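Biologist: I'm new to this one, and I'd like to hear the reasoning behind the labels as well as the labels. Could you show it to me first?

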Amino acid sequence: EAFAGLHSLAIAALPGLDDAAVGAIARRCRTLHALDMSCSPGVSERGLKALCAGVRGLRTLDISQCRKISKHVACLAPLARLSALAADQQKELPQEVVRLTALRDLRLYRCAALKEKCLKRLRSLRLLHTLDISDAVRVPARKICDLMAHLPLLRRIVLNKGIAAQCEVIMNERVEAADLEARAHSNPAAFMGLRRK
C-alpha cells in the first residue's frame, strides 16, 4: 500500500530484479506512468506480461538491454497509452509495437528486425516525434526518407553516421525538386527561362 500512488520508478540495473519482483511491482504499483527497468538480465517476457497486465496506464517503458525479453515484446498490446518505448536488440518487430499508436518516442537501436517491410509498418505511428534506429540492420537510406515523409510530427531520428549522410543528400534533393516544382507552378514563364540556362 505504501507504493499505491507511485507514478515513476527507475530500477535500471538493479541486482536481483527478476520476474517475481516485476510481478510484485505490477500488483502494488498500478498507478505507475514511467518505468525504467533497463539492464535487468533477470527479467523475462513473463515479467513483462505481468507488468503489462497490471499497469495498463504506463506511458514510458525502458526495457533496453533486458536480454531475456529483447527478443519478444509481443505482450505490449494492453499498454494503449504508452508514449515512449526503448527496446533494443529486437529480433522481430511485432505487430503490437505498430499498434501502439500513442507512441511519440521509439528507441529500437540494434534492432535486427528493421528491414524495409518493418519500416513501412512504422508509418502507422503518426504521433512519433523521436525514432532511434541506430545500429540497426542496414536499411536503404531511401526507405528511411520515405518513412520520414510519412511521419509528419517526426522531429528527431537517430541513425548511424553513414546512413544519416545518405539521408541528408536524398532529403536535400527532394526539397530542391519540390522547390523547383513549386516555382514552375507559380510562374511557368520564369521557370521555363530557368530551365534553359
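Modeller: Let's begin with a word we'll need: a residue is called buried when its relative accessible area is under 20%, exposed when it is over 50%, and partly exposed in between. One caution too: this is a predicted model.

Biologist: Okay, which residues of H2 are buried?

Modeller: In H2, the buried ones are Gly47, Leu48, Leu51, Cys52 and Gly54. They pack against H1 and against two strands, E2 (34-36) and E3 (60-62).

Biologist: What makes H1 and H2 roughly parallel to each other?

Modeller: Angles under 35 degrees count as roughly parallel. Helix H1 (residues 19-28) and helix H2 (residues 45-54) pack at about 0°, with 8 Å between their axes. That puts them under the cut-off, and therefore H1 and H2 are roughly parallel.

Biologist: Which residues meet there?

Modeller: From H1 you have Asp19, Val22, Gly23 and Ala26, and from H2 Arg46, Gly47, Ala50, Leu51 and Gly54. Sorted by class, this contact has four nonpolar, three polar and two charged residues.

Biologist: Now the strands. How are they arranged in the sheet?

Modeller: There are seven of them in an open sheet, in the order E1-E2-E3-E4-E5-E6-E7, and the pairing is parallel.

Biologist: What makes E1 and E7 the edge strands?

Modeller: Strand E1 (8-10) and strand E7 (156-158) each pair on one side only. As for the twist, neighbouring strands in this sheet are turned by 5° against each other on average, ignoring direction.

Biologist: How do you know that E5 and E6 pair?

Modeller: Two strands pair if there are at least two bridges between them. Strand E5 (residues 105-107) and strand E6 (residues 130-132) are joined by three bridges, and they run parallel. So E5 and E6 meet the requirement of at least two bridges. To pick out one partner, Arg107 is bridged to Asp132 in E6.

Biologist: Why is Leu6 called partly exposed?

Modeller: Its relative accessible area is 26%, and that value falls between 20% and 50%, so Leu6 counts as partly exposed. Leu6 sits in the segment before E1. Leaving aside residues up to four places away in sequence, Leu6 touches Cys29, Thr31 and Leu32. Leu6 and Thr31 are 25 residues apart in sequence, yet their C-alpha atoms are 6.2 Å apart in space.

Biologist: What is noted about the phi of Ala13?

Modeller: Phi of Ala13 is near 55°, a positive value in a residue other than glycine. You'll find Ala13 in the loop between E1 and H1. With 48% relative accessibility, Ala13 stays below the 50% limit for exposed, so it is partly exposed.

Biologist: And where is Cys39 found?

Modeller: Cys39 is in the loop between E2 and H2. Cys39 also has a positive phi, about 55°, although it is not a glycine. Its relative accessible area is 30%, so Cys39 is partly exposed as well.

Biologist: Last thing: where is confidence lowest, and where is it highest?

Modeller: Helix H7 (residues 188-196) has the lowest confidence, with a mean of 45, and E2 has the highest, at 97. Over residues 190-197 the pLDDT is below 50, and beyond near neighbours in sequence that stretch has four contacts in the model. Where pLDDT is low, the predicted coordinates should not be read in detail. For the protein chain, the average pLDDT is 84, and 84% of the residues score at least 70.

Terms used:
Residues numbered from 1 in each chain as written. Predicted model: local features only at pLDDT ≥ 70, side-chain atom pairs only at ≥ 80, totals over all residues. Heavy atoms only, no water. Helix = DSSP H or I, 4+ residues; strand = E, 2+ residues; numbered from the N terminus. Axes fitted to C-alpha atoms, helices over the stretch in contact; angles between N-to-C directions. Parallel < 35°, antiparallel > 145°, perpendicular 65-115°, else oblique. Contact = heavy atoms within 4.5 Å. Nonpolar A, V, L, I, M, F, W, Y, C, P; charged D, E, K, R; others polar. Buried < 20%, exposed > 50% of the residue type's maximum accessible area, 1.4 Å probe, protein only. pLDDT = per-residue confidence, 0-100.
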